[in-house]
Every structure is written in structure tokens, then in C-alpha cells.
Amino acid sequence: MSGIIELRGVDYSVRGHAVFQNLTLSIAPHQVNAIMGPSGTGKTTLLKLITGQIHPDRGEVWVNGQNLRSLSLKALYALRLKMGYLFQNGALLTDLNVFENVAFPLREHEHLDERALVRSVLTTLEAVGLRGAADLKPSELSGGMARRVALARALICKPMILLYDEPFAGLDPIALGVVLRLIRSTNDELKITSVVVSHDVHEIEKLADHVAILADGQVAAQGTPQALTQSQNPLIKQFLSGSPDGPVSFHYQAPPLEQHIQDWMAS
Amino acid sequence: MNITLGIRRVGQWSLFSVALLARSAVVLKRPRLLIEQIYNCGARSLIIVMLSGLFVGMVLGLQGYDLLRRFGSTESLGTAVALGLLRELGPVVTALLFAGRAGTALTSEIGLMAATDQLVAMDMMAVDPLRRVGAPRLWGSVIAMPLLAAVFAVLGLTGAHVIGVSLMGVDAGQFWSQMRASVELKDVVEGIVKSILFGTALGLIAVFEGFQSEPTPEGVGQATTRTVVVSSIAVLAIDYLVTAVLL
């Protein structure tokens, strides 16, 4: 295995409910890697494992050749400086304007003189097309703009890895196109590794070099988007076609209706 | 069950406080962060503290005058009001107002930062939220509290002077000279010690509740309420302990 991110035999459970069981996944460098799966399959949990916010119950997570569990907080922070994490809502600091949000990591970690800092921030904002929005507050931005500012904030630290949590959720078609293009161009021009967590099948088909589909706590299928669309696996077919019928049930696990009513009344 | 939960929470608070204090060096390295928080906690609480101080002083003037008149010693009004304000009412009432004005603001601000992923985002950028967000707010509170208590005492004395001297006719010379003769340095020190301890306790409670709050609207609301309740009880309990030790 030679992935820049590797999960080896990972078990993880939340309050007795197993999210991952013996999950093994290797993410190749310099590609756009998509992690897909129905809601509730632990896609965001996977990102938390990769960034060391949580640790697996069993198994190991390796990033850039380092076992996350063995790292001190200082070493983990050094590694995180090489990783950019984009939250679904952007998670911009609401008391700072766009410029200061993008400048935030530089002010915290590097002691640049003000002129170099301004140049760096405005150039990075230019790359996401928002130099003109530098003095806006996060509350004045649309969802797509907030995500682009968050991307600029992640890029300013020159990361090796960019992790996107549901980057397409709730975007209008134009913003969607912009974000898709930015993810692709950022990945190719800066030679970084992108991990995109999403359940938007069509966007991922256009964007990703490699797709892994999660189901039942494991990787159910992986390969190029084209290979997956040819797959005869019923679960993959159901997921890619968006059909309510198939191995993934419409109903959340529950007892038969009559028994449920009786149990409910009895409690 | 509730008792174990309570004990566990006190334990969590203690560990949190140690972690927060251990990260305090940041306020020396980056004084700007501290100054912002002294402004947020202190300057923004100024109006409410000044108004309350003035009214409390005016009430003390009226009550004190009525009481002292029965013993024929209204000229001691200045001393009575000054001792009451410096040793007790200044620090305690300011701390209670501070819990309601600045403590709630701290808790809800940090709670909402958590609810909107801002704290995790900092953590992801290798910025320790306890150091960047928590420590400056704690020390802002520690520094702002004694300053506010002093302002409260000054406005209180002014209020008492207006009522006692201008309205009730106590001799102004007597009012001030008796006060200067009877109030000692240790009375002032008692007030300063109390207000620094209150500021520390309030800061630790408000920041803890903010970091611990559930990242939901109800969670932030409950945490804010807990800040006021726990802070108020803590202030009165600390007040008793310190008074018992210093008297």
C-alpha cells in the first residue's frame, strides 16, 4: 500500500452502534478522491478519523507516513498544517471579515510583515475569485461564497491534502459549477491530494479520479467513476440510480407496526 | 445520581481550569487579544455598573442617614457608606452584574462558536481554541472585574454624597474627613482581593460553560443560564470565605 492516507482495519462505534467494521481504505496522492455513500454511513466520521479529531477503537490511521495515534498534540498540529479541512458551512470566524478570516492561519503561525501578509491574502482571494469581497463579513456571504473563502483560508497554508465535507450541498447550479472547477483546478495546479465526501452522484462522476462507496461500515466498492457506473453490484446500482428499492432499505430498522404501537403505548 | 453528576462536573471544571491556566502565557505574548477582551468584558459593562453603583450609593445614603440619625451620628455617614461599598457591595454587586452582563456573553459567544464549527475549524488549522479563545477571555475577566468594582465604589460614594450632603444636609467636611480617618488600607485591599477572586471564578465558569455547551440552540441557552446561576452562588460563597479569613 502506498496511499498518502491509509486506514487499516479500522473499527469505530458510537454508543454501541458500529459505524465502521474492519474498514480498510487507501487514498492515492495527487488525485481527487471521492468518498460516497448514503447518509449516515459515516462519511464525516471518516474525515474526523483522518484528521485525528477522533481515534478508532481498533486499527490504525496513517497520514503522510505517520500513525495518528502515536502523535503528540504538537506533532498532530504540525501535520494538520499540511491538511486543509473544508466544512460544509465554511465555518468562518463570524467576528472577522473575509480578509481577516483568510489571514487568520498566517497571523497565528507565521510572522510575516504586514505587506507580505496583505499580498498573500489578496492573491489567495483572487484565486477563488473573491478579492473584491475582502471587507465583507461572513454573514454577508452566500453559501457558495463562504465555501470559497474557506477554501482560500485552507489554501493559504499551502496544504498537501484538502478534505472537503459535502462541498456541493445546498448550492445553486452556478455556484456548484464554480466549486467543482475550483476543486479540480486546485488539485491539479498545486499537486495536492483532495478527498471529497459527498452523496451527489452526478457531480462526483464529473469530478473524481477515484471513488470509494461506503456501506455497512466498509468500502462496498471502489474504482474510477466510469468503472462504478458499469458495476452490477445491486447496492452500487441502487445508490448511483437513486432508487428507493434495493439493498439499502427505505425504512429505518423498526419492529412490526402493530407491535411498535403496543410497545409505545406500554412505555 | 444527581450528586455523582454534580461531582463529576466539578471535577471536569477543575481539570478544565488547570488546562486553561496552563495556556495563559498567550496573553503576555499577544497582549492585543487580552486588550480586546478587557474591552469586551469591562468597557461594555461600564454603563450598567456605573448606573447600579450610583443607585446603590443613593440607597445607602438614605438608609445610612436614617439609621445613623437614631444614634445622633449622621456625620459618620461617609465612613459607613465607604466601608460598605469598598468591602462588600462594590465587589459583590459588581460581580453579580458582571455575571449577568459579561459572563452570559462569554458563554453564549463560545457556545455559538462551537455550534457553528468555528472551534473545530481552529483546531483543524492547528490553533488551540483553549489558548486562542479561552485564555484571553479568562484574563480579560480577571482584569476587568477589579476595575469595574472600583468604578462602582466611586459612583456609589458619589450617590451617597449627593443624598447625604446635598439632600439631607450632612456636613460635607465631616462626611469626607471621617471617612479618611476611619477607612484603612486593608479595607481597600479586601475589596481588591475579593474582586480579583470573583473575576477569576466568573471567567473560569463562563469559559467552561461555553466550551462544554451542547452545540444546539437549547444547549447554548442552558449553558448561559448555568453560567448565571453557578456564578452567582460562587460569588456569594467566595465572599463568605474571604470575609471570614480576612476579618
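Two strands are taken to pair if DSSP finds at least two bridges between them, and the legends below, which describe a predicted model, use the word in that sense.

**Figure 1. The six-stranded open sheet of chain A.** In this predicted model, six strands of chain A form an open sheet whose order is β6-β7-β8-β3-β9-β10, and the pairing within it is mixed. The edge strands are β6 (83-86) and β10 (218-223) of chain A, each of which pairs on one side only. From one strand to the next, the twist averages 15°.

**Figure 2. The edge strand β6 of chain A and its partner β7.** β6(A) pairs with strand β7 (residues 161-165) of chain A in the parallel sense, and four bridges join the two. Among the residues to look for are A:Gly84, whose bridge partner in β7(A) is A:Leu162, and A:Leu86, whose bridge partner in β7(A) is A:Tyr164. In a regular strand, side chains alternate between the two faces of the sheet. In β6(A), A:Met83 and A:Tyr85 point one way while A:Gly84 and A:Leu86 point the other way, and all of them are buried.

**Figure 3. The four-stranded open sheet of chain A, with helix α1.** A sheet of four strands, also open, runs in the order β2-β1-β4-β5 in chain A, and its pairing is antiparallel. β2 (17-27) and β5 (66-67) of chain A stand at the edges, and because each has a single partner strand, one side of each is left without a neighbour in the sheet. Strand β1 (residues 5-14) of chain A is joined to β2(A) in the antiparallel sense over seven bridges, and in β2(A) the bridge partner of A:Val10 is A:Leu23. Helix α1 (residues 43-50) of chain A packs on this sheet, where it touches β1, β2 and β4 (58-63) of chain A, and the direction of the helix makes about 120° with that of β1(A).

**Figure 4. Two residues with a positive phi, A:Arg15 and A:Glu166.** Most residues other than glycine have a negative phi. A:Arg15, although not a glycine, has a positive phi of about 45°, and this residue is found in the loop between β1 and β2 of chain A. Because A:Arg15 has 4 C-beta neighbours inside 10 Å, it counts as exposed. A:Glu166 is likewise not a glycine and has a positive phi of about 45°; its place is in the loop between β7 and α6 (173-190) of chain A. With 19 C-beta neighbours inside 10 Å, A:Glu166 counts as partly exposed.

**Figure 5. The surroundings of A:Leu76 in helix α2 of chain A.** A:Leu76 belongs to helix α2 (residues 73-80) of chain A. Because 19 other C-beta atoms lie within 10 Å of A:Leu76, this residue is partly exposed, given that a residue is called buried if 20 or more do so. If its neighbours within four places in sequence are left aside, A:Leu76 is in contact with A:Gly52, A:Leu68 and A:Leu71. A:Gly9 is 67 residues from A:Leu76 in sequence and 21 Å from A:Leu76 in space, C-alpha to C-alpha.

**Figure 6. The contact between chain A and chain B.** Eight residues from chain B and 13 residues from chain A take part in the contact. On the side of chain B that touches chain A, five residues are nonpolar, two are polar and one is charged. Chain B has a mean pLDDT of 94, with 100% of its residues at 70 or more, and the model scores ipTM 0.83 and pTM 0.86.

Methods
Residues are numbered from 1 along each chain as its sequence is written. Chains are lettered from A and ligands numbered from 1 in the order in which they are written. This is a predicted model: local features need pLDDT of at least 70, side-chain atom pairs count only at pLDDT 80 or more; totals for chains, interfaces and linings use all residues. Two residues are in contact if their C-beta atoms, placed from the backbone, lie within 7 Å. Ala, Val, Leu, Ile, Met, Phe, Trp, Tyr, Cys and Pro count as nonpolar, Asp, Glu, Lys and Arg as charged, and the others, Gly among them, as polar. Axes are lines fitted to C-alpha atoms, for helices over the stretch in contact, and angles run from 0 to 180 degrees between N-to-C directions. A residue is buried if 20 or more other C-beta atoms lie within 10 Å of its own, exposed if 12 or fewer, and partly exposed in between; C-beta atoms are placed from the backbone. pLDDT is the predictor's confidence in each residue, from 0 to 100.
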